[in-house]
Amino acid sequence: MFVPPPSLTKSLVALVLGATHIVAPPFAYPREIGQGLPQLVVEARGELVLDGRGDVHYKLWKLQPLHASAHIGMLMVLPARISTRKEIAPLEEAMDARGYDYRRLSSTSIVNLADATWGATLMVESELRSEKRKEPDVHLVVDEQGEVRRALELQEGVIHVLLYNCRGEILHHHQGRFTVGQAQQILATLDTALRNPSCGVTRSVRAAY
């Protein structure tokens with residue numbers, strides 16, 4: 001799974017400027033560190049793919065194990081609401097400045113249409129299709145019914161960024177808006193993982209025992 005830098009999320013979140021502002025409950029239940037990711041499947045819409053003619057289609061999406069060259073995975077679940085762009089900006093800016101190698105950091109962006117207002121869906125899909133044509137390697141998933149959020153038992157209506165290792169275990173879970181300090185916490189986890197062996201090496205070592 002390969003995705004260009006998270007600067008792409010600027011385009012993604014800009015799509016939802018006409019979306020509803022959902023007031024989240026005052027409580028939250030982050031996924032526990034070390035907890036394994038469950039099976040994640042999106043059947044309604046799914047992953048955007050390009051055919052030989054450059055047309056965009058959807059296919060069923062499942063979370064796959066990290067590829068051999070990856071060191072860490074990032075799963076971004078983005079609600080379709082007005083404030084998302086502003087709330088995620090500190091993370092985008094920090095990661096853009098760092099210039100990560102996205103063959104080593106495998107990132108998946110999931111746009112949750114279940115949070116969109118009536119009539120916003122067509123606009124969002126149109127913009128996502130355009131983005132996919134411009135950036136064919138981007139890993140985009142459109143989750144029409146919020147299947148990923150429910151499977152992960154994530155709080156509704158807020159940003160979720162989960163980092164996970166080669167074994168699919170959660171290393172870090174951030175939810176809600178980002179501060180500069182919280183963005184730096186994400187980068188610290190990424191930097192540590194990128195100094196460690198890749199998933200291919202890790203799996204080879206484990207297989208030897």
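On a 1 Å grid over the protein atoms alone, a pocket is an open set of points where a 1.4 Å probe fits, with protein on both sides within 12 Å along at least five of seven lines; lining residues have an atom within 4 Å of a point. The model here is predicted, so local features need pLDDT of at least 70 and side-chain atom pairs count only at pLDDT 80 or more, while totals for chains, interfaces and linings use all residues. Residues are numbered from 1 along each chain as its sequence is written, and side-chain values use heavy atoms, with hydrogens and water left out.

**Exercise 1. Lay out the helices and strands of the protein chain.**

Step 1: Count them. You should get six helices and seven strands; helices (H or I, at least four residues) and strands (E, at least two) are DSSP runs, numbered from the N terminus.

Step 2: Walk along the sequence. The pattern comes out as α-β-β-β-α-β-α-β-α-β-β-α-α.

Step 3: Look at burial and contacts. Of the 209 residues in the protein chain, 52% are buried (buried is under 20% relative accessible area, exposed over 50%, partly exposed in between, with a 1.4 Å probe and protein chains only). Take the contacts (heavy atoms within 4.5 Å) with a separation of 6 or more: 79% of them link residues 24 or more positions apart.

**Exercise 2. Work out the strand order in the open sheet and how its strands pair.**

Step 1: Go across the sheet. The seven strands line up as β2-β1-β5-β4-β3-β6-β7, with mixed pairing. Pairing takes at least two DSSP bridges between two strands.

Step 2: Find the edges. β2 (56–62) and β7 (170–175) each pair on one side only.

Step 3: Take the antiparallel pairs around β1. Six bridges hold β1 and β2 together in the antiparallel sense, and V42 sits opposite W61 in β2. β1 also runs antiparallel to β5, with three bridges between them; for G46, the bridge partner in β5 is V142.

Step 4: Take the parallel pairs around β4. β4 and β5 share four bridges in the parallel sense, with I110 facing V141 in β5. On to β3 (residues 72–79), which runs parallel to β4 (residues 105–112) over eight bridges; there, L75 has T108 of β4 as its bridge partner.

Step 5: Check the side chains of β5 (residues 140–143). L140 and V142 point one way, V141 and D143 point the other way, and all of them are buried.

**Exercise 3. Which residues does V41 touch, leaving aside neighbours within four places in sequence?**

Step 1: Place V41 in strand β1.

Step 2: List its partners. They are L60, W61, K62 and E147.

Step 3: Pick out K62. V41 and K62 are 21 residues apart in sequence, yet their C-alpha atoms are 4.5 Å apart in space.

**Exercise 4. Track down some residues with a positive phi, R45 and E153 among them.**

Step 1: Start with R45. Its phi is near 75°, and R45 belongs to strand β1 (residues 41–50). R45 is partly exposed, because its relative accessibility is 26%.

Step 2: Move to E153. Here phi is about 55°, and E153 lies in the loop between α4 (147–151) and β6. With a relative accessible area of 59%, E153 counts as exposed.

Step 3: Add a glycine. The hairpin of β1 and β2 has five residues between the strands, and G54 there has a positive phi near 85°.

**Exercise 5. Describe the linings of the largest and second largest pockets.**

Step 1: Spot the lining of the largest pocket: H71, N165, C166, R167, L171, T189, T192, A193, N196, P197 and T202.

Step 2: Ask which element gives the most. That's helix α5 (residues 180–195), with three residues.

Step 3: Sort the lining. You get four nonpolar, six polar and one charged; Ala, Val, Leu, Ile, Met, Phe, Trp, Tyr, Cys and Pro count as nonpolar, Asp, Glu, Lys and Arg as charged, and the others, Gly among them, as polar.

Step 4: Repeat for the second largest pocket. L37, P38, Q39, L63, Q64, P65, L66, Y164, N165, C166, R167 and G168 line it, and that lining splits into seven nonpolar, four polar and one charged.
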